[in-house]
Amino acid sequence: MRLNKNHNLPGTLICVEGIDGSGKSTQLAILRDWLCETVSDVIFTEWNSSRLISQTTKLAKKKSQLSPRTFSLLHAVDFADRLEQIIIPAMKAGFIVLADRYVYTAFARDVARGVNSDWVRNMYGFAIKPDLTMYFKVPVDVSLKRICSNRQPKFYEAGMDLKLSNDPYESYRIFQGRVIYEYDRMIDEYGLVKMDATASIHEQQLKFRKCVKSVLKEKGIEIAEIK
């Protein structure tokens, strides 16, 4: 399994993980702007965004009839397409690839939905190992509060397909609690770097940049001191 050993590509793969409302996307966007000012070769990719399959997944979600395994398979096809069409070509060209979610999202969400852990991991066995994966950990209630400041929890986001509760907010707490449990298990398994996502945006970004600078330095890429 390629995910368990370092890749030998000249590029650098940096990923962020965490439940919805963790602030990971905000942190990655800030990091992206910073890197673009200092390193020109930066590529961004996000979960469920393949031109090949993402529209099919969105249509299937609207019908709210996806089984956990079908859900898992659709996302695996999406990821495989982006890996071969975007991530690996960019890595071969020496780019820094920033990924908003990686295979660990599937390992957390799909298993939380009851899909067999080994089955999911084997399905993504073709994935390359990231150089750095930051796991933005946030309590469920904090996550829910952040989300509800703009909208209600979405059907699959709240795990409503699992019939955990008729109340979408309670269902969200139960389901995302399971997702957090799976993420926590992966910290040691895959070397995820845990970030306290309740800290200030500035504090998180400083820690994030420090980790990124360390990884890039190993690749021979020096970045100016953090201000």
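A crossing of two helices is right-handed if the near helix is turned clockwise from the far one by less than a right angle, and left-handed if the turn is anticlockwise. With that in hand, H1 passes H8 in a right-handed crossing. This is a predicted model, and what follows walks through three helix pairs, then a pocket and a cavity that share residues with them.

**H1 against H8**

- Helix H1 covers residues 24-38 and helix H8 covers 201-218; their axes come within 10 Å and cross at roughly 55°.
- Angles from 65 to 115 degrees would count as roughly perpendicular and those under 35 as roughly parallel, so H1 and H8 end up oblique to each other.
- On the H1 side, the contact uses Gln27, Leu28, Ile30, Leu31, Trp34 and Leu35.
- Facing them from H8 are Ile201, Gln204, Gln205, Phe208, Arg209, Val212, Lys213 and Leu216.
- Sorted by class, this contact has nine nonpolar, three polar and two charged residues.

**H6 against H7**

- Helix H6 (residues 140-148) and helix H7 (residues 168-190) have axes that come within 9 Å, crossing at roughly 130°.
- That angle makes H6 oblique to H7, and the crossing is right-handed.
- H6 brings Val140, Asp141, Ser143, Leu144, Ile147 and Cys148 to the contact.
- H7 answers with Tyr169, Tyr172, Arg173, Gln176, Gly177 and Ile180.
- The class split here is seven nonpolar, three polar and two charged.

**H4 against H7**

- H7 also packs against helix H4 (residues 103-112), at an angle of about 135° and with the axes 8 Å apart.
- H4 and H7 are therefore oblique to each other, and H4 passes H7 in a right-handed crossing.
- From H4, the residues in contact are Tyr104, Thr105, Phe107, Ala108, Arg109, Val111 and Ala112.
- They meet Phe175, Arg178, Val179, Glu182, Tyr183, Met186 and Tyr190 in H7.
- This contact breaks down into ten nonpolar, one polar and three charged residues.

**The second largest pocket**

- If you're after an open site, the second largest pocket has a volume of about 150 Å³.
- Its lining includes Gly21, Ser22, Gly23, Thr26 and Gln27, and Gln27 also sits in the H1 contact with H8.
- Arg146, Ile147, Ala197, Ala199, Ile201 and Gln204 are lining residues of this pocket too.
- Among those, Ile147 takes part in the H6 contact with H7, while Ile201 and Gln204 belong to the H8 side of its contact with H1.
- H1, H6 and H8 are the elements that give two or more residues to the lining.
- By class, the pocket lining has four nonpolar, six polar and one charged residues.

**The enclosed cavity**

- The count comes to one cavity of 30 Å³ or more, and the largest cavity has a volume of about 30 Å³.
- Around the largest cavity you'll find Gly18, Ile19, Asp20, Arg101, Arg109, Gln176, Val179 and Tyr183.
- H7 gives the most to this lining, with three residues.
- Gln176 shows up in the H7 contact with H6 as well, whereas Val179 and Tyr183 are in the H7 contact with H4.
- Arg109, another lining residue of the cavity, comes from the H4 side of the H4 and H7 contact.
- The classes around the cavity are three nonpolar, two polar and three charged residues.

Notes: Residues are numbered from 1 along each chain as its sequence is written. This is a predicted model: local features need pLDDT of at least 70, side-chain atom pairs count only at pLDDT 80 or more; totals for chains, interfaces and linings use all residues. Side-chain values use heavy atoms; hydrogens and water are left out. Axes are lines fitted to C-alpha atoms, for helices over the stretch in contact, and angles run from 0 to 180 degrees between N-to-C directions. Helices (H or I, at least four residues) and strands (E, at least two) are DSSP runs, numbered from the N terminus. Angles under 35 degrees count as roughly parallel, over 145 as roughly antiparallel, 65 to 115 as roughly perpendicular and the rest as oblique. Contact means heavy atoms within 4.5 Å. Ala, Val, Leu, Ile, Met, Phe, Trp, Tyr, Cys and Pro count as nonpolar, Asp, Glu, Lys and Arg as charged, and the others, Gly among them, as polar. On a 1 Å grid over the protein atoms alone, a cavity is a set of points where a 1.4 Å probe fits but cannot get out, and a pocket is an open set with protein on both sides within 12 Å along at least five of seven lines; lining residues have an atom within 4 Å of a point. Grid points are joined across faces, edges and corners, and a volume is the space filled by probe spheres set on the points.
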